[in-house]
Amino acid sequence: MTKLAICAFIAWDFLKNSAPVDTGNLKQNAIQIRQIGENEYEIKVNASIAPYAVYTNERWVAARWNGKQNPNEKWIDAA
């Protein structure tokens with residue numbers, strides 16, 4: 001395994017371990033890594049597996065939250 005591959009897998013693991021957990025679907029299934037070139041990796045959150053993922057990172061603005069702050073706000077940015 002190359003140094004680049006090791007770094008990519010460390011970043012992927014860090015992102016997975018930073019993910020908020022309710023059911024575990026986001027962490028276990030939706031955060032994915034794949035090699036797309038000889039020296040290139042892609043780490044992504046698969047929206048078809050966890051369509052709610054984008055909302056875990058954003059500020060809550062809906063009236064139903066009564067001004068409460070999303071405890072997971074900006075978790076992707078922090079990771």
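These are legends for a handful of close-up views of a predicted model.

**View 1. Helix α1, end to end.** Here we look at α1, which covers residues 3-18. The helix has 16 residues and runs 22 Å from its first C-alpha to its last, close to the 22 Å expected at 1.5 Å a residue. Its buried residues are A5, A8, L15 and K16. Looking down the axis of α1, you'd find those buried residues within an arc of 100 degrees, so they line one face of the helix. Flip to the face turned away from that buried side and you meet the exposed residues K3 and I10.

**View 2. What sits over the buried side of α1.** Which elements cover the buried residues of α1? The cover includes two helices, α2 (25-30) and α4 (75-78), along with the strands β1 (31-37) and β2 (40-45). Keep A5, A8, L15 and K16 in frame for this one, as they are the α1 residues that count as buried.

**View 3. A nonpolar patch on the surface.** M1, I6, F9 and I10 come together here as a nonpolar surface patch, and between them they offer about 430 Å² of accessible area. M1 belongs to the segment before α1, while I6 is part of helix α1 itself. Is M1 buried or exposed? M1 counts as exposed because its relative accessibility is 77%, and the cut-off for that label is over 50%. I6, with a relative accessible area of 38%, is partly exposed. I10, another member of the patch, is one of the exposed residues on the face of α1 turned away from its buried side. For a sense of distance, pick out E38 as well: I6 and E38 are 32 residues apart in sequence and, C-alpha to C-alpha, 14 Å apart in space.

**View 4. N46, tucked into a loop.** This close-up is on N46, which lies in the loop between β2 and α3 (53-57). N46 has a relative accessible area of 14%, so it is buried; the label needs a value under 20%. What does N46 touch, leaving aside its neighbours within four places in sequence? Its contacts are A30 and Q32. D13 makes a handy reference point too: N46 and D13 are 33 residues apart in sequence, with 15 Å between their C-alpha atoms.

**View 5. The two salt bridges.** The structure holds two salt bridges, and this view takes them in turn. As background, side chains of opposite charge can pair when their charged atoms come close. In one bridge R34 pairs with E42, and the closest N and O atoms are 2.8 Å apart. E42 is partly exposed because its relative accessibility is 25%. The other bridge joins D77 and K74, with 4.0 Å between the closest N and O atoms. D77 counts as exposed at 53% relative accessibility, whereas K74 is partly exposed at 37%.

**View 6. Two residues with an unusual backbone angle.** Most residues other than glycine have a negative phi. N66 isn't a glycine, yet its phi is positive, at about 50 degrees. K74 isn't a glycine either, and its phi is also positive, at about 70 degrees. N66 sits in the loop between α3 and α4, and K74 is found in the loop between α3 and α4 as well. With a relative accessible area of 66%, N66 is exposed. K74 may look familiar from the previous view, where it forms a salt bridge with D77.

Definitions and conventions. Residues numbered from 1 in each chain as written. Predicted model: local features only at pLDDT ≥ 70, side-chain atom pairs only at ≥ 80, totals over all residues. Heavy atoms only, no water. Patch = residues over 30% accessible without salt bridge, like charges linked within 9 Å, V, L, I, M, F, W, Y side chains within 5 Å. Areas by Shrake-Rupley, 256 points an atom, 1.4 Å probe, with all protein chains shown as cover. Salt bridge = Lys/Arg side-chain N within 4 Å of Asp/Glu carboxyl O. Helix = DSSP H or I, 4+ residues; strand = E, 2+ residues; numbered from the N terminus. Buried < 20%, exposed > 50% of the residue type's maximum accessible area, 1.4 Å probe, protein only. Expected span 1.5 Å × (residues − 1). Arc of directions from axis to C-beta. Contact = heavy atoms within 4.5 Å.
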